[in-house]
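Reader: I should like to learn how strands and sheets are read from a structure. May we work through an example together?

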Amino acid sequence: MTTPLRKSLLVGAAGLSLASSVAACAPSAQGSTPQKTSTVSGPYKDGTYSADGDYFSPNGGETVGVQLTLAGDTISAVDITVHANNPNTKEFQGQFKNGIAAQVVGKKLDEINVSKVAGSSLTSEGFNKAVETIKSEAK
Amino acid sequence: MTHTGWSDFSFDGIGTRWEISTPEELPDGVRLSLLGVVEDYDRSYSRFRNDSLVAALAREPGTVTLPASAGELEQLFRKLYRLSNGAMTPLVGGSLERLGYGADYALRPLGDPVPAPRWEDVLVWRGTAISASAPVVLDIGAAGKGQLVDLLAAVLRGAGITEFLVDASGDMLHSAAEPLGVALEHPYDPSQAIGVVELHNGALCASAANRRAWGDGLHHVLDGATGRPIETVVATWTMAATAMEADALATALFMVDPTVLEGEFDFSWLKVYSDGHAAYSAGFEGTLFS
């Protein structure tokens, strides 16, 4: 990891604990699905926090945006957005959307009626870093 | 929740999150047995802890005795080492450390990529006995998580539990009357899926080049023959009877032609390439969104 996190903390209020295990669960934290897991030390302040995490894919540097809503020592919402700031990724995502023959097509997980996801989250690294930033700044 | 009404038992083990789902809540005794098997596995194979068996081989040449389950691991790695012409090797640990993916998680390359030592040069592995003629960093990660899924399933079956899903954060083994729909995560957007597969009495595993990426073009799926990360395939999925095979084959698909693997293994596969196209075998037909 060579690029420092860009930090953009939004809000803050009172009392919460945010877990590193939350980060480990990131791949299954689908869109804004409520995320109930919460263990580690607090307290943190209630509110909605966002941070960007940088990571590196085989395409080069990428940025992922993570927004967490914290209330009463738990994470009540997680929202992840991938900023396609790498030209290769833009092109790649474009190809995903074009639906050319033999191109895979993405659908939002919350539109699919499944309880399990198999895959490998590209964003876990950036997500973990962003969560760490939020933890340190929400104290 | 896996199937409606099932109970989940979740815990952390070998660096990942586990969720075991069963129709009835698991008794405490079974939970303890499961956690014990996880701890034994970690203590045997983790290259991230000093007191593991493989850590001893990294310090100095010698022989260690692995657990009984090492026999089938050896057979599997031996076969894939041959089929991949040395690209898929349990000796890739040193190459990973070189690129920064070592026990200290420095995540900074220590120098140019180094090839893994050749199995035939440094390693004698016969079932539970493994000897190294030089310090070697064993990394059985390509099949280890899957094997542990199978070992935990064996604990459940041993306790008379026949219906379950053992899920190690996306690598899973299913056993139940009803099939389970599982989304295939979009390799570039975890809020999306590229398809849904029906998993029924078998294993589904995934591998992605970018799951643990830590530098420009540096990730954890390496070609052992060159020590360099593999770049053309971004994600793979496999289905097989055991999670150990499915897990290993998901990695093998990064470096071996699927038709070569099909000649020796009974499995289904799906590959997504960096240009966005996908290739798949019959078992994944109709699973991708269009």
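Author: The following dialogue proceeds from the chain as a whole to the pairing of strands. Please note that this is a predicted model.

Reader: How many helices and strands are there in chain A?

Author: Chain A holds three helices and five strands, and their sequence order is α-β-β-β-α-β-β-α. Of its 139 residues, 42% count as buried. Among contacts in chain A with a separation of 6 or more, 69% link residues 24 or more positions apart.

Reader: In what sense do β1 and β2 of chain B pair?

Author: Strands of a sheet pair through backbone hydrogen bonds, either parallel or antiparallel. In chain B, β1 (residues 7–13) and β2 (residues 16–22) are antiparallel, with seven bridges between them. Across this pairing, Phe11(B) stands opposite Trp18(B). The two strands form a hairpin with two residues between them, and Ile14(B) in the turn has a positive phi of about 40°.

Reader: What is the order of the strands in the open sheet of chain B?

Author: The order is β3-β5-β4, three strands with antiparallel pairing. β3 (62–65) and β4 (123–126) of chain B each have a single partner strand, so one side of each edge strand lacks a neighbour in the sheet. On average, neighbouring strands of this sheet are turned by 10° against each other, direction ignored.

Reader: How many bridges join β4(B) to β5(B)?

Author: Four bridges join β4(B) to β5(B), the latter comprising residues 129–132, and the two run antiparallel. In this pair, Val124(B) stands opposite Ser131(B).

Note on methods: Residues are numbered from 1 along each chain as its sequence is written. Chains are lettered from A and ligands numbered from 1 in the order in which they are written. This is a predicted model: local features need pLDDT of at least 70, side-chain atom pairs count only at pLDDT 80 or more; totals for chains, interfaces and linings use all residues. A residue is buried if 20 or more other C-beta atoms lie within 10 Å of its own, exposed if 12 or fewer, and partly exposed in between; C-beta atoms are placed from the backbone. Two residues are in contact if their C-beta atoms, placed from the backbone, lie within 7 Å. Two strands pair if DSSP finds at least two bridges between them. Axes are lines fitted to C-alpha atoms, for helices over the stretch in contact, and angles run from 0 to 180 degrees between N-to-C directions.
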